[in-house]
Amino acid sequence: MRWTEFALKKAGASTILEFQRAQGLPETGEADLITSRRLFDYLVGYQYHRMEPRETLYQVAQRYETTIQAIWAGNGGLPPGGPVPGQVIRVPLPCPVVPWDAPFESALEPVFLDGLHARCRWLSAEELAHTPGGRPIRALRLGTGPKRILMTAGHHGNEWITSLLLWLLLEAYVTAIRDEAGLFGFAARGLFRRTTLCVVPLANPDGVDLVCGAATAAQFEAARVLAATQPQVPFPSGWKANGAGVDLNLNYPARWEEAVRIKAAAGVTAPGPRDYPGAAPLDQPESRALYDFTRRFSPHILAAFHAQGGEIYAADAQGRLPDETLARRMAAASGYRLCEPAPESANGGLRDWFMEEYHRPGYTIEIGRGENPLPLSDVPKLYEEILPIFALLLAFG
Ligand SMILES: [Zn+2]
């Protein structure tokens, strides 16, 4: 990760010298210690501030171009009446935490998490597992309500854009909660009190990093060997599997044998870039982690974000729609088509298992149109398409 470039982008500067000039720092043109520290603030989107004697919270908010409300939202454990002199508080900077135009990779997740937590301290996170490639799978939690909603993204390596979009949606939600504002017309604080939202934005970090150019040389080489089993799949851009060459969304215990049979008939019987369901259901740490977490959280509703096609799958294997009204609302607001998945791709998925096990609404949202991986330049458009889906799931899920 080129952190300096990333931080400069967030600060709206193209060179270090420009950044130093805008920040009133010594203009050395180099990432010296003081410049690096300020760059790090922009990376996470907040600064630490030590309260001076007789300094008011209003003065701090004015100085950093923020609001008292935003400072309260980002700091736990402040005494009633405000921080005392000498106390160190987090102050948000006037830049987004999750950028729209920087390439994604899994190493950004802890940075986003830190930054969003400083925007809204009610956001919490837990690590569900570590992948064989050494990367954590995180579940984020927000809200206090009885309605439990689970959203997942990044199951497939070349669909990393779904992960970035869920982080962007989470930032929109966090910001709206903080500012007591609306989210696609719904009062965010109301959604927060009504629901408990859990998001697993990146279910397959090893596969995503492979496609994003963030795998180690050894991981890239191992994947390249596996990719040779399916030479027609472009490498690494066609890679959907995890680091071990298993397609995670075929690895769940729902008609898994059927998935094996269909994929074998199509010629896939070994680990590779896509379509291999594994040697047994849940034999991969990523799918096992998602399965265990789903059982523990027991969501009333599941939304799995994939790419691409501009389609929403809402029916179960028998063609039943547990909540047709919500499915139609989401389709209407996003412009996506409500349709049934092809029978050969309705086996072994997280949503397939969830609907079979719980008989509750589960949705696959195939965002965008084009060829995976969808380009970063599609992000603003995709965001507008799926923001209403995100809000409707919280409001009516
Ligand atoms: Zn997918």
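This is a walk through the structure above, from its domains to its sheet, its helices and a few backbone details. Please keep in mind that the model is predicted.

Let us begin with the overall division. The domain assignment splits the protein into domain 1 (1–44), domain 2 (48–95) and domain 3, which is made of two stretches, 106–206 and 283–396. Taken over C-alpha atoms, the centres of domain 1 and domain 2 lie 23 Å apart.

Now look for the sheet. Eight strands form an open sheet with mixed pairing, and their order across the sheet is 3-4-8-5-9-12-10-11. Strand 3 and strand 11 (337–338) stand at the two edges; each has a single partner strand, so one side of each is left without a neighbour in the sheet. Strands of a sheet pair through backbone hydrogen bonds, and the pairing may be parallel or antiparallel.

Start at the edge formed by strand 3. Strand 3 (residues 124–130) runs antiparallel to strand 4 (residues 136–142), and six bridges join the two. To find one of these pairings, pick out Ala125: its bridge partner in strand 4 is Leu140. The two strands make a hairpin with five residues between them. In the turn of that hairpin sits Gly134, whose phi is positive, at about 85°.

Further along the sheet, strand 10 (residues 311–313) and strand 12 (residues 362–367) are also antiparallel, with three bridges between them. Here Tyr313 stands opposite Thr364 of strand 12. Helix 14 (residues 350–358) packs on the sheet, where it touches strand 5 (147–152), strand 9 (301–307), strand 10 and strand 12. The direction of helix 14 makes about 160° with that of strand 12.

Next come the helix pairs. Two packed helices are described by the angle between their axes and by the distance between those axes. A good place to start is helix 7, with helix 15 as its partner. Helix 7 (residues 160–178) and helix 15 (residues 379–396) have axes that come within 10 Å and cross at roughly 60°. The two helices are therefore oblique to each other, and helix 7 passes helix 15 in a right-handed crossing. On the side of helix 7, the residues that meet helix 15 include Ile161, Leu164, Leu165, Leu168 and Tyr173. Helix 15 answers with residues including Val379, Leu382, Tyr383, Ile386 and Phe390. Which classes of residue make up this contact of helix 7 with helix 15? It has 15 nonpolar residues, no polar ones and no charged ones.

Helix 7 has another partner in helix 6 (residues 109–117). These two pack at an angle of about 5°, with their axes 11 Å apart, which means that helix 6 is roughly parallel to helix 7. Helix 6 brings Glu109, Phe112, Leu113 and Leu116 to the contact, while helix 7 brings Trp167, Leu170, Glu171 and Val174. By class, this contact of helix 6 with helix 7 has six nonpolar, no polar and two charged residues.

Helix 15, in turn, also packs with helix 13 (residues 324–334), at an angle of about 155° and with axes 8 Å apart. Angles over 145 degrees count as roughly antiparallel, so helix 13 is roughly antiparallel to helix 15. Their crossing is right-handed. From helix 13 come Leu326, Arg329, Met330, Ala333 and Ser334; helix 15 supplies Glu385, Pro388, Ile389, Leu392, Leu393 and Phe396. In this contact of helix 13 with helix 15, eight residues are nonpolar, one is polar and two are charged.

Finally, a few loops deserve a look at their backbone. The peptide bond from Phe235 to Pro236 is cis, with omega near 0°, and Pro236 lies in the loop between helix 10 (217–227) and helix 11 (256–265). The peptide bond from Ala307 to Gln308 is cis too, again with omega near 0°; Gln308 is in the loop between strand 9 and strand 10. Glu65 is a residue other than glycine with a positive phi, near 55°. You will find Glu65 in the loop between helix 4 (57–63) and helix 5 (68–74).

Definitions and conventions: Residues are numbered from 1 along each chain as its sequence is written. This is a predicted model: local features need pLDDT of at least 70, side-chain atom pairs count only at pLDDT 80 or more; totals for chains, interfaces and linings use all residues. Side-chain values use heavy atoms; hydrogens and water are left out. Axes are lines fitted to C-alpha atoms, for helices over the stretch in contact, and angles run from 0 to 180 degrees between N-to-C directions. Helices (H or I, at least four residues) and strands (E, at least two) are DSSP runs, numbered from the N terminus. Angles under 35 degrees count as roughly parallel, over 145 as roughly antiparallel, 65 to 115 as roughly perpendicular and the rest as oblique. A crossing is left-handed if the near helix is turned anticlockwise from the far one by less than a right angle, and right-handed if clockwise. Contact means heavy atoms within 4.5 Å. Ala, Val, Leu, Ile, Met, Phe, Trp, Tyr, Cys and Pro count as nonpolar, Asp, Glu, Lys and Arg as charged, and the others, Gly among them, as polar. Domain bounds come from an automatic or database domain assignment. Two strands pair if DSSP finds at least two bridges between them.
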